[in-house]
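Biologist: I should be grateful for a close look at a single part of this structure. Please state where the part lies, how it is placed with respect to the surface and what surrounds it.

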Amino acid sequence: MSNPQQLRFSKEHEWLSAAEDGVATVGITEFAANALGDVVYAQLPAVGDTVTAGESCGELESTKSVSDLYSPVTGEVVAANQDVVDDPALVNSAPFEGGWLFKVKITDEPGDLMSADEYTAFAG
């Protein structure tokens, strides 16, 4: 499992891209996607929703279980990935590319996000 070096990671297994004009992209890690199994349903936050770091903002349902989706930062959702809603398997096949979940205009970022190397050690 290789975690892209340019991303930061939460203990809840979400990743966060570097912000461009204050907007960052959020997804789940390959580790989380593998642990979930085949994702069959995605409930993502809606555009305009406010998300709070560390709090649930959606759900991913797999053939194994239903898991909460947590936001790694606080801010306003500016985009949700309709491709993932239409084809949730993208979360499994391309967690760091086409399987991104939502974009958020960041208003607050916690200090506990990990680098790729820290996350790899954490996820074991």
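Modeller: The account below takes one asparagine as its subject and then turns to two loop residues for their backbone angles. The model is predicted, so local features need pLDDT of at least 70 and side-chain atom pairs count only at pLDDT 80 or more, whereas totals for chains, interfaces and linings use all residues. Residues are numbered from 1 along each chain as its sequence is written, and side-chain values use heavy atoms, with hydrogens and water left out.

Asparagine 81 sits in the loop that joins strand E8 (74-80) to helix H2 (82-86); helices (H or I, at least four residues) and strands (E, at least two) are DSSP runs, numbered from the N terminus. Asparagine 81 counts as buried because its relative accessibility is 4%; buried means under 20% relative accessible area, exposed over 50% and partly exposed in between, with a 1.4 Å probe and protein chains only. Beyond its neighbours within four places in sequence, asparagine 81 is in contact (heavy atoms within 4.5 Å) with Leu44, Gly98, Gly99, Trp100 and Leu101. A polar atom of the asparagine 81 side chain lies 2.8 Å from the backbone oxygen of tryptophan 100.

Two other loop residues deserve mention for their phi angles. Most residues other than glycine have a negative phi. Histidine 13, in the loop between strand E1 (8-9) and strand E2 (14-16), has a positive phi near 75°. Aspartate 21, in the loop between E2 and strand E3 (23-28), has a positive phi near 55°. Histidine 13 is buried, at a relative accessible area of 18%, whereas aspartate 21 is exposed, at 76% relative accessibility.

Technical notes:
Polar contact = N/O pair within 3.5 Å; in protein donor to acceptor, adjacent residues only side chain to side chain.
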